[in-house]
There are 2 protein chains.
Amino acid sequence: MGGDNAPDVVLDGLELAAERHPKARILLVGDEARLAPLLEQRKRAARICSLRHAPDAIPGDMKPTAALRLRNASMRVAIDAVAAGEASGVVSAGNTGALMALGKIVVKALPEIDRPALAAIGPSARGDVVMLDMGANIVCNARNLVEFAVMGDAFARTVLGLPEPSIGLLNVGSEELKGDDRVRQAAEMLRESGLAGNFHGFVEGHDITAGTVDVVVTDGFTGNVALKTGEGALKLMIGLLKQVFASSARGKLGYLIAKPALDQLRAFIDPRRYNGAVLIGLNGLVVKSHGGADAVGFAHAVDVAMDMVTHRLNERIREKLATLPPPRSATAEIGVADPGSAGSGVELR
Amino acid sequence: MGGDNAPDVVLDGLELAAERHPKARILLVGDEARLAPLLEQRKRAARICSLRHAPDAIPGDMKPTAALRLRNASMRVAIDAVAAGEASGVVSAGNTGALMALGKIVVKALPEIDRPALAAIGPSARGDVVMLDMGANIVCNARNLVEFAVMGDAFARTVLGLPEPSIGLLNVGSEELKGDDRVRQAAEMLRESGLAGNFHGFVEGHDITAGTVDVVVTDGFTGNVALKTGEGALKLMIGLLKQVFASSARGKLGYLIAKPALDQLRAFIDPRRYNGAVLIGLNGLVVKSHGGADAVGFAHAVDVAMDMVTHRLNERIREKLATLPPPRSATAEIGVADPGSAGSGVELR
């Protein structure tokens, strides 16, 4: 029931998803009276979906603390199904803060994970890049960053299908001495871990879109700012392009002639291709579809969830975590960031 | 003597600058035997420049600590002239880390300023935007952020010529409760300061290029990552555009026809227009020209310095600082970030 054009967009997205994943079984949660006739109109979706009634829906602007009290909301009923082991994961286009809070509190973190993180995929000159944390944890310590690297590695293997993803730690320079104690300690821990072979070292902001590494690890504050800054820069450029093409007869003509080529560019940076941020590190998979996503975008978020389920994301995370140096010594050394005051429901946009 | 094509580019840049600032007096510091004949060939530059010999030059890859020991390096002799009050400011295309270290140690911070910051100008959909800190201070507290806001305000008034610049504090959301203690405290302090009328509140990454505010304030870690991520995204887009225009005959033809329009776009995002990062908050003006800048870019960095001198940047900073709530109570309340371990020579690139 969440997102700008729910539930229609969700159902249209499921119709597309059903084509790609005919053996999936989807538990569709929401207002039965509204959903049943819509589902009936979509033959493929109807074949893979079973309906579960939830009388309430969490509004997009509701605070997570309030959302936690709506026990009959569609998002809550879906999350409860994950916590109960009935469903492997949940895909929602609803309230991000509420979804993250419900994920953490109801589904709960994997026992080995201190902090779940929000991971997303973006475009680069050399293919797709996974980046985390995009805003679930505002303040992070070195151990958190190392856990994010483990989760990002598993994500790149399962969702992007990369056999040996390279991992970079976001910093203000690539030399070993750059940055604060926290990133330097995290780098040291990664070099001593089972991920050492995949750890590229520090990367900088421009390395994200250059595709220097497959996985970019950072804290939720920096990651959220970097994601939105990059999106903003692309948006500026697209706006300027539209403006100059429209500014003269020659511009308009040139645009018309080059249009098939420019459509390739549009397809490459199409945000629908990158829809589906994942709250990773939980006892179940929680995927956030953009609230403004259309059916193609929502279907992509379902793809992401299916990839993680079929390629056993969580098992891979747990295997790699076992290779880390013991956490007690690590946490004892870290004093820069305060892990207590973090993670207060960040909107991805 | 610093930068990729020194000293020729510097002298060509001064020739352009001399046209715009015929009444400026420039102290040109470097190897006299090399500079004198080059200066003779440039009539306009020769009229405003006087030469001062410095036998050494700081290599681009020298660590700041080593650079501090080269007392006869051109950068050092120029910085000494600023510290001695002989020059109002210095413009260098040389080693960023060395320039920042020399600025802080030799020119020294204004007595009211705890931490000088690196400010830069970038493009947005609604005009130029000032952003700071771009990497001089990796770890910042709330008071530092407030001082950055004061310096950014003065910078926007003097360099961009805005009578009432709006100021935004970079965060992961625009609501008052978002972010960590540090940004929330800084916002509170700004609302109680003489800048309250210009303080817009929190802004997000996409607001930078949207031009939501004229001044974006953040810590040096986030600012450095945001700057490079934004640059990287623009670079990705430019690379993709080139690729699709070259990919087919229609693309090539469309490009040729639209070229005059596309040249406007190129001019708008021309990095030379944004050359000249400023180490702001010192007893003199320190401007860093990009090492790869050409003569047009270097001349722009000289413009930035001239604007700050003629519009009395530092006096404006000191006036506004006097309106802040007393610093002792402020610093006492802040415990999240450790101000001790910061500022270890970040390369802007």
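Start in chain B of this predicted model. Select its open sheet of 8 strands, ordered S3-S10-S9-S4-S5-S8-S6-S7 with mixed pairing. Go to the edges: S3 (89-92) and S7 (199-203) of chain B each have a single partner strand, so one side of each has no neighbour in the sheet. Look along the sheet for the twist, which averages 25° from one strand to the next.

Now move inside the sheet. Select S5 (residues 129-132) and S8 (residues 215-217) of chain B, a parallel pair joined over 3 bridges. B:Leu132 sits opposite B:Val217 in S8(B).

Add the helices next. H6 (residues 96-107) of chain B lies across S3, S4 (117-122), S9 (277-280) and S10 (285-288) of chain B, at about 175° to S10(B). H12 (residues 295-310) of chain B lies across S3, S9 and S10 of chain B, at about 160° to S10(B).

Show chain A. Here 58 residues of chain A are in contact with 59 residues of chain B. About 5,100 Å² is buried between the two chains, and carbon and sulfur atoms give 73% of that area. Pick A:Val172, A:Phe221 and A:Met237: they supply 13% of the area chain A buries against chain B, more than any other three residues.

Zoom to A:Glu204 and B:Lys228, whose side chains form a salt bridge (2.4 Å, N to O). The count between chain A and chain B is 2 salt bridges, along with 12 residue pairs in polar contact.

Finish on the side of chain A that touches chain B. H10(A) gives the largest share, 19 residues. By type, the residues of this side divide into 32 nonpolar, 19 polar and 7 charged.

Note on methods: Residues are numbered from 1 along each chain as its sequence is written. Chains are lettered from A and ligands numbered from 1 in the order in which they are written. This is a predicted model: local features need pLDDT of at least 70, side-chain atom pairs count only at pLDDT 80 or more; totals for chains, interfaces and linings use all residues. Side-chain values use heavy atoms; hydrogens and water are left out. Two strands pair if DSSP finds at least two bridges between them. Helices (H or I, at least four residues) and strands (E, at least two) are DSSP runs, numbered from the N terminus. Axes are lines fitted to C-alpha atoms, for helices over the stretch in contact, and angles run from 0 to 180 degrees between N-to-C directions. Contact means heavy atoms within 4.5 Å. Buried area is the accessible area (1.4 Å probe) that two parts lose on being put together, summed over both. A salt bridge is a side-chain nitrogen of Lys or Arg within 4 Å of a carboxyl oxygen of Asp or Glu. A polar contact is a pair of N or O atoms within 3.5 Å; within protein, one must be able to donate a hydrogen and the other to accept it, and residues adjacent in sequence count only if both atoms are side-chain atoms. Ala, Val, Leu, Ile, Met, Phe, Trp, Tyr, Cys and Pro count as nonpolar, Asp, Glu, Lys and Arg as charged, and the others, Gly among them, as polar.
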